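This briefing introduces a structure to a reader who has not met it before. Please look over the sequence and the structure shown here, and then consult the points that follow.

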Amino acid sequence: MYEAQLATYRASPEANAPVKPSKEAKESESSSDSSSDSDSDTPKKPTAKTAKPAPGKAAAGKKAAASSSDSSSDSDSEDEAPKKPATKPAAATATAKAAAADSDESSDWDSSESSSSEDEGGTPQYTREYFLKKVGEPEKPLKKVKRVRAVAPKPDENAAAEAAEPKVEVKAEKVFFPKDAEITHAMMVAKLQEIVAARGKKGTDKNDMIDTLKKLAEISETAKLGVAMRLKIFLHLVAAEFDAASTTPPMSTELWNSCFANVGELLRIVRETPTLIVGDHVTEENENLSDTSKPLAVRGSVLGTVERLDDEFTRTLQSADPHTVEYISHLRDENRLVSLLVAAQEMVERIGVVVDICRLYLRRIEHVYIKLDYREFAEKGLLSSPALASAVSSPTGTDERATALMARLCKYIYHNDKTARIRSRAMLCHIYHHALHDRWFEARDLMLMSHLQETVTHADIETHILFNRTMVQLGLCAFRAGLIVDAHHCLQDLVSSGRAKELLAQGPTQQKYPGAERNVEQEKIERRRQLPFHMHINVELLECVYLTSAMLLEIPNMAAHPYNHKRLMISKHFRKYWDFVDRQIFHGPPENTRDHVIAAARALAACNWNQAQTLIRSIKIWSLFPTADKVKDMLSLKIQEEGLRTYLFTYSGIYDSISLDTLAQLFDLPQATVHRIVSKMIMSDELHASLNQPTNTIVVHRSDLSKLHHLALLFTDKSTTFIEKNEFLFEQRSGVQGFREQQQRAASAYSNQRRGPGQRPAAAGKEGGQQRLQRQFVGGAGAAQTQRPRRFGQPRNYHNNNNNSNNSNVNNTATQADAQQLAVSSS
Amino acid sequence: MLFNLCVGERAKFPGHVAHFFHVAFCPMSQYCCNNAFRSFSLNHCQIYADEEIARGKLDLISSTNMVDFAIDIYKTIQQTEEAPADLVEKRESTVARLKVLHNSAEPVLNLFQNEEVIKQLRQDKQHNLQYLQQHHQFQPEMLDTLYEYAKFQFDCGNYTGAADYLYHFNLLSTDTERTFSALWGKLACEILLHNWETALEEMTRLKEIIDSRTFATPLLQLQQRTWLIHWSLFIFFHHPRGRDGIVDLFFQTPYLNAIQTTCPHMLRYLATAVITNKRRRPMLKDLVRIIQQESYTYRDPITQLLECLYVNYDFDAAQLVLRECEKVVNNDFFLCSLLDDFIESARMLIFETYCRIHEVISIGLLAEKLNMTADDAERWIVNLIRNAKMDAKIDSQLSHVVMGAPTKNIHQDIIEKTNILSFRAQLLSSALDKLPSDSQKVQDPADL
């Protein structure tokens with residue numbers, strides 16, 4: 001139930017958006033426990049109360065005395081939050097007016113400017129600490145504003161007035177400015193410095209600070225101090241809000257909402273005054289808050305706040321319980337966040353600093369890449385329920401198609417990014433997105449061309465996780481496309497490690513030793529890395545896909561090598577479950593997904609493809625694929641084909657000839673398909689038979705190896721290995737170099753002589769076939785091993801650790817390879 | 001088709017690479033138009049309209065200095081006798097520039113006419129330069145003039161001269177960038193002059209440089225390789241041993257990667273080369289793998305043929321595709337000369353594969369699969385059997401071909417292997433006997 005809800009979200013964050021009440025109502029009908037959901041937009045008391053205690057408690061622990069004032073301020077902010085949306089337009093017009101008025105009044109304010117700048121120079125720069133968090137922010141030398149300060153006559157009136165008037169309360173208990181005093185920029189900056197100076201110090205109430213700054217903003221509004229001042233205050237305000245959340249990691253919903261509004265305000269200011277320069281490259285001295293004759297300049301990073309907001313959003317989701325209504329209601333905020341990012345993107349694009357653009361693009365990509373664009377599926381007519389497409393709107397936040405957006409953003413990053421990290425992350429997201437949308441070839445090529453498999457080991461852990469996720473998605477994509485071998489390859493490492501959850505950052509690390517102590521610090525870091533629930537890849541589905549593909553590969557393989565199937569294992573993981581079930585005396589009906597697959601495998605091994613089909617089709621988890629019906633059909637067909645292959649492997653020995661028609665009937669396949677499969681098996685020497693065209697039958701040449709044959713061959717192999725080792729030993733001890741080559745040459749000459757030239761096979765085509773035959777007999781595991789990676793394109797392998805499966809007898813295989821060479825050369 | 005290919009490629013790689021690139025390419029395409037299209041697409045198959053081709057030619061040539069030629073084409077298109085004013089103007093300026101360049105390059109040219117100078121030149125470039133500077137008032141700037149002159153000559157269509165000058169330039173120049181361009185230029189000249197032997201040498205040299213040189217970006221190297229792959233087609237399909245060469249070159253990993261990433265359409269030529277070349281048959285397996293990998297970006301009847309045969313084992317489809325292949329090969333500039341060879345080899349491939357999986361085949365059906373009449377097919381098979389290429393018999397009453405059954409015996413296999421073993425053990429023990437006595441202390445490892 002919950003899963004489904006989340007899945008629909010994943011598909012369509014906007015569909016559930018709280019904008020339209022009608023939809024809301026529908027939502028609440030559909031889910032019994034989301035009744036309180038409907039009023040998620042308006043701040044709701046019950047949830048607020050549950051969320052609230054956290055910061056309150058923390059503050060209380062620190063400073064018991066201030067608890068009363070604390071709670072009062074809390075309620076204050078709570079009251080303010082609902083008002084906010086209503087007052088916002090008014091405030092906006094006010095600022096607009098202020099901006100207009102600013103130019104008129106600038107002559108007045110100029111006078112005080114000089115004093116303000118003096119203040120700035122003298123005070124310590126507390127604000128830096130926060131904003132300089134992002135290292136490597138490049139300076140923009142071109143945009144540096146040269147400021148020539150106009151020296152204006154300095155009327156003393158203001159100062160005199162200040163001194164004369166007693167301090168009067170403004171609105172709340174706090175006193176900011178003397179009453180009736182004409183508030184100047186200088187005063188404002190001084191006050192701001194004073195407030196901000198307390199930041200980070202012991203005993204500073206963070207919530208208090210937020211209130212103070214808010215009031216300051218109001219005052220500056222009424223005093224018409226201009227947009228630059230407003231921007232500056234808001235930057236501090238947002239910073240203070242983040243501070244408030246820093247002690248108790250998940251931000252409360254109210255705080256986040258107000259923070260969101262403030263960041264939006266910041267972006268709005270920047271957008272509406274294009275001449276305004278804001279950034280970390282503006283030094284304190286170069287700040288220009290009032291002088292409209294020159295471009296206004298404010299210190300601080302808007303981009304930084306946007307990124308921080310995004311981080312806070314993720315963090316809240318991380319710590320929230322995914323099975324609650326709060327989680328989903330918070331998840332809905334993502335829409336707003338994405339539109340905020342779009343606004344920020346416009347800003348960054350306008351300013352045009354490449355590094356910033358890359359950073360922001362990556363943020364956007366990370367919001368888009370996990371989401372399925374249903375419209376694209378609907379266009380291709382692949383969707384099982386077409387109504388879904390119309391109900392769901394775009395995950396991009398704009399009209400643009402997700403694919404086009406991804407391509408545009410990623411290409412920009414590929415071209416312009418200088419840091420390897422952003423590029424490789426963008427690339428992985430791009431691959432993920434391709435894979436999610438069933439574009440297997442594009443995804444594969446991008447993965448292979450990027451060489452990420454080789455370089456990813458040097459990357460940080462987050463990128464590792466992303467890489468694992470991408471690999472999994474690639475595997476799922478291959479599976480949906482019916483490329484079972486590739487799917488198996490992609491998923492093998494991750495699933496067979498048994499730590500899929502951990503490697504995908506979807507669950508805690510498993511302890512290596514149960515008794516070992518847990519490192520608290522490390523655990524904390526790890527928890528921060530965990531992905532929020534809505535980004536998870538379903539691990540059960542993953543295992544189901546892996547086991548199914550392993551089944552389709554392993555069952556014919558087991559049938560083909562009845563005696564030494566232990567050595568030619570394709571999937572250890574699958575074999576483990578297979579053996580476990582095999583040992584049981586009584587086989588109950590399958591319960592979970594894994595049982596289903598294993599039961600299907602047993603049916604398939606008995607060539608009962610009908611039952612295998614039914615079992616596989618009855619697995620419910622396939623419905624998580626958007627094209628579930630197609631996948632099921634594909635699997636049914638594969639089961640029929642593999643069933644045919646298994647049948648031929650198992651029973652070809654007892655037939656003299658088999659009619660193709662019978663086979664086609666037996667496995668319900670068209671005759672052409674049967675012909676194709678049989679031809680392929682004959683060509684690859686899996687089936688020792690040939691076709692009789694006029695009668696349309698398979699003529700089986702000879703029965704497969706008997707147990708005795710098999711053992712005799714094994715013995716020959718072992719004695720070959722033995723003599724190889726002896727020769728090697730001899731060469732080492734005696735110091736005779738090249739003895740083995742000499743031996744081999746002599747041996748091959750000997751065998752040629754014995755056989756005589758007349759005995760050479762006549763047909764050129766057959767010679768190759770015989771060689772291959774011999775190779776199969778002699779090489780055993782060695783031959784299979786060397787050929788396996790080829791299936792996926794030799795020069796561009798996915799994994800190098802495929803070879804590990806046979807690690808135990810590496811020596812054996814090595815010498816066997818030699819023996820094989822010998823045998824080939826001797827023939 | 002090729003025309004599109006050439007022009008398309010030219011558009012794909014704008015301005016990056018050395019001077020000679022575009023310059024060389026234009027006459028090349030012109031050459032294609034001239035020799036290839038006039039002779040067949042135009043008159044034979046009517047793929048393109050006459051006028052369209054002429055227009056394309058004009059577009060290409062107008063950027064070179066072959067003004068006279070351009071004027072001719074213009075006249076045919078417009079059906080007039082009057083040359084356009086701008087072209088006439090260009091002609092004059094070209095002639096004037098030719099004179100200027102000729103005058104300035106003359107001293108160098110004279111230098112190389114001198115037998116004595118040629119004798120004194122050696123492998124060492126520095127030495128050569130020093131020698132010329134000391135004895136013949138040679139200035140380094142003169143080299144640049146030589147280069148310019150060579151390029152101009154090339155633009156004018158005087159390829160013999162250009163090749164000569166570029167050769168001399170390469171003897172002396174130490175400027176790696178320009179030497180590199182000059183090599184490309186030289187290769188272009190040789191191709192245009194149909195000197196396939198020299199062209200092959202030039203290409204090998206160029207390939208070594210591309211492989212060994214460090215480029216600013218890997219992308220640039222990839223581009224150079226792509227160009228080389230395209231140009232090499234001219235050489236490989238004209239040089240007598242070219243079909244070995246193309247397989248060897250294209251199957252080198254860097255070039256294979258280049259084909260896969262930038263120009264999968266080259267797979268057609270590679271496939272044809274492999275099909276028609278018996279000695280490179282073992283590469284077929286790799287080729288099929290690559291064709292499968294790239295099947296989503298590139299697919300044509302020739303690659304489809306291989307797919308049908310070695311992936312799907314669908315002989316009916318193969319037979320259909322073979323007919324299409326005939327058309328494609330006939331229309332392809334590079335492949336048209338290989339048509340008969342290709343059809344024969346493709347038939348052979350189909351037949352071989354067919355025989356490997358069949359025991360008894362009816363000749364009538366086989367003939368249909370091979371796109372032959374029954375009598376022809378029978379004759380063909382008889383020839384094959386007579387040439388000992390096939391182990392089969394014909395049952396003429398039923399008109400069947402009966403394949404010789406594979407005689408693989410497990411006992412034989414085991415005996416053979418164990419025989420070798422005993423022989424090897426013998427050798428080993430005799431080798432041990434021959435060793436000096438001190439190694440006798442070592443435990444005898446041949447103790448079977």
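In the hairpin formed by β2(B) and β3(B), 4 residues lie between the strands, and B:Ser399 adopts a positive phi near 50 degrees. The model described here is a predicted one. The hairpin strands belong to an open sheet of 6 strands with mixed pairing, and the points below treat that sheet, the helices that pack on it, three helix pairs and the salt bridges.

**The sheet**

- The strand order is β3(A)-β5(A)-β4(A)-β1(B)-β3(B)-β2(B), so that chains A and B both contribute strands to this open sheet.
- The edges are formed by β3 (657-659) of chain A and β2 (392-395) of chain B, each of which pairs on one side only.
- From one strand to the next, the twist averages 20 degrees.

**Strand pairing within the sheet**

- The hairpin strands β2(B) and β3(B) are antiparallel and pair over 4 bridges.
- Within this pairing, B:Asp395 has B:His400 of β3(B) as its bridge partner.
- Strand β3(B) also runs antiparallel to β1(B), to which 3 bridges join it.
- Here B:Val402 in β3(B) stands opposite B:Val360.
- In chain A, strands β4 (residues 689-692) and β5 (residues 697-700) run antiparallel and are joined by 4 bridges.
- A:Ile698 in β5(A) is the bridge partner of A:Leu691.

**Helices packed on the sheet**

- Helix α19 (residues 339-357) of chain B packs on the sheet and touches β4 of chain A as well as β1 (358-362) and β3 (400-403) of chain B.
- The direction of α19 of chain B makes about 120 degrees with that of β1(B).
- Helix α20 (residues 363-370) of chain B likewise packs on the sheet, where it touches β1, β2 and β3 of chain B.
- The direction of α20 of chain B makes about 90 degrees with that of β1(B).

**Helix pair α10(B) and α11(B)**

- The axes of α10 (residues 176-192) and α11 (residues 196-212), both of chain B, come within 8 Å and cross at roughly 155 degrees.
- Helices α10(B) and α11(B) are therefore roughly antiparallel, since angles over 145 degrees are counted in that way.
- The crossing in which α10(B) passes α11(B) is left-handed.
- Residues making the contact include B:Phe180, B:Leu183 and B:Trp184 of α10(B), together with B:Trp196, B:Met203 and B:Leu206 of α11(B).
- By class, the residues of this contact between α10(B) and α11(B) comprise 11 nonpolar, 1 polar and 4 charged.

**Helix pair α16(B) and α17(B)**

- The axes of α16 (residues 284-294) and α17 (residues 301-312) of chain B come within 10 Å, crossing at roughly 110 degrees.
- The crossing angle makes α16(B) roughly perpendicular to α17(B), because angles from 65 to 115 degrees fall in that class.
- Helix α16(B) passes α17(B) in a left-handed crossing.
- The contact is made by B:Leu284, B:Leu287, B:Val288, B:Ile291 and B:Gln292 of α16(B), which meet B:Thr303, B:Leu306, B:Glu307, B:Tyr310 and B:Val311 of α17(B).
- The residues of the contact of α16(B) with α17(B) comprise 7 nonpolar, 2 polar and 1 charged.

**Helix pair α25(A) and α27(A)**

- In chain A, the axes of α25 (residues 539-560) and α27 (residues 593-605) come within 10 Å and cross at roughly 10 degrees.
- That angle makes α25(A) roughly parallel to α27(A), because angles under 35 degrees are classed as such.
- Among the residues that meet are A:Leu547, A:Met551 and A:Ile555 in α25(A), and A:Val597, A:Ala601 and A:Leu604 in α27(A).
- The residues of the contact of α25(A) with α27(A) divide into 9 nonpolar, 2 polar and 3 charged.

**Salt bridges**

- Over all chains, the structure holds 33 salt bridges.
- One of them joins A:Arg315 to A:Glu312, and the closest N and O atoms of this pair are 3.9 Å apart.
- Both A:Arg315 and A:Glu312 lie in helix α12 (residues 302-319) of chain A, where they are 3 residues apart, about one turn of the helix.

Note on methods:
Residues numbered from 1 in each chain as written. Chains lettered and ligands numbered in written order. Predicted model: local features only at pLDDT ≥ 70, side-chain atom pairs only at ≥ 80, totals over all residues. Heavy atoms only, no water. Axes fitted to C-alpha atoms, helices over the stretch in contact; angles between N-to-C directions. Helix = DSSP H or I, 4+ residues; strand = E, 2+ residues; numbered from the N terminus. Left-handed = near helix turned anticlockwise from the far one by under 90°. Contact = heavy atoms within 4.5 Å. Nonpolar A, V, L, I, M, F, W, Y, C, P; charged D, E, K, R; others polar. Pairing = 2+ DSSP bridges. Salt bridge = Lys/Arg side-chain N within 4 Å of Asp/Glu carboxyl O.
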